[in-house]
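Hi,

Here is the structure I promised to pass on. Have a look at it first, and then read my notes below.

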Amino acid sequence: MEFENLLKEAQRGNLMAQEEIIRMYKPLLVKNSMERNVFDEDLFQELSITLLNCIMKFRI
């Protein structure tokens, strides 16, 4: 699916589209969830929530 369509579906509340976007950005989320070379699950969750909030606010 084209990213723009995926984004629109995610904004409409399509959970599969939201999960796909999270999956696309997971390497970046994991990279930024490292604290002293240790994965921080709480930070990963916060970053994932922040990404979803940004998706909802993004204007196409």
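To start with the rings: how many aromatic pairs does the count come to? It comes to one aromatic pair. The partners are Phe 39 and Phe 44, with ring centres 5.8 Å apart and planes at 50°, so the pair is tilted. Keep in mind that this is a predicted model.

The two rings have their own levels of exposure. Phe 44 is buried, at a relative accessible area of 13%, while Phe 39 counts as partly exposed at 36%.

Phe 44 also leads into helix 3, where it is one of the buried residues. This helix covers residues 41-57, 17 residues in total, and spans 25 Å from its first C-alpha to its last, close to the 24 Å expected at 1.5 Å a residue. Alongside Phe 44, the buried residues of helix 3 are Ser 48, Leu 51 and Ile 55. Looking down the helix axis, you'll find the buried residues within an arc of 60°, so they line one face of helix 3. What do they pack against? Their partners are helix 1 (3-11), helix 2 (15-31) and strand 2 (38-39).

On the face of helix 3 turned away from that buried side sit the exposed residues Asp 42 and Lys 57. Asp 42 is also worth a look at the start of the helix: its backbone nitrogen has a side-chain oxygen of Asp 40 within 3.0 Å.

Now for the charged side chains. Searching the whole structure turns up three salt bridges.

- Lys 8 with Glu 4: the closest N and O atoms are 3.4 Å apart. These residues are four apart in helix 1, so about one helical turn separates them. Both count as partly exposed, Lys 8 at 30% relative accessibility and Glu 4 at 36%.
- Arg 12 with Glu 9: the side chains meet at 2.7 Å, N to O. Arg 12 is exposed, with a relative accessible area of 61%, whereas Glu 9 is partly exposed at 25%.
- Arg 23 with Glu 20: here the closest N and O atoms are 3.3 Å apart. Why does about one helical turn separate Arg 23 and Glu 20? Because they are three residues apart in helix 2. Glu 20 is partly exposed, with a relative accessible area of 31%.

That's what I have for now. Happy to go through any of it with you.

Cheers

Definitions and conventions:
Residues numbered from 1 in each chain as written. Predicted model: local features only at pLDDT ≥ 70, side-chain atom pairs only at ≥ 80, totals over all residues. Heavy atoms only, no water. Helix = DSSP H or I, 4+ residues; strand = E, 2+ residues; numbered from the N terminus. Expected span 1.5 Å × (residues − 1). Buried < 20%, exposed > 50% of the residue type's maximum accessible area, 1.4 Å probe, protein only. Arc of directions from axis to C-beta. Contact = heavy atoms within 4.5 Å. Polar contact = N/O pair within 3.5 Å; in protein donor to acceptor, adjacent residues only side chain to side chain. Phe/Tyr/Trp six-rings, centres within 6.5 Å; stacked < 30°, edge-to-face > 60°. Salt bridge = Lys/Arg side-chain N within 4 Å of Asp/Glu carboxyl O.
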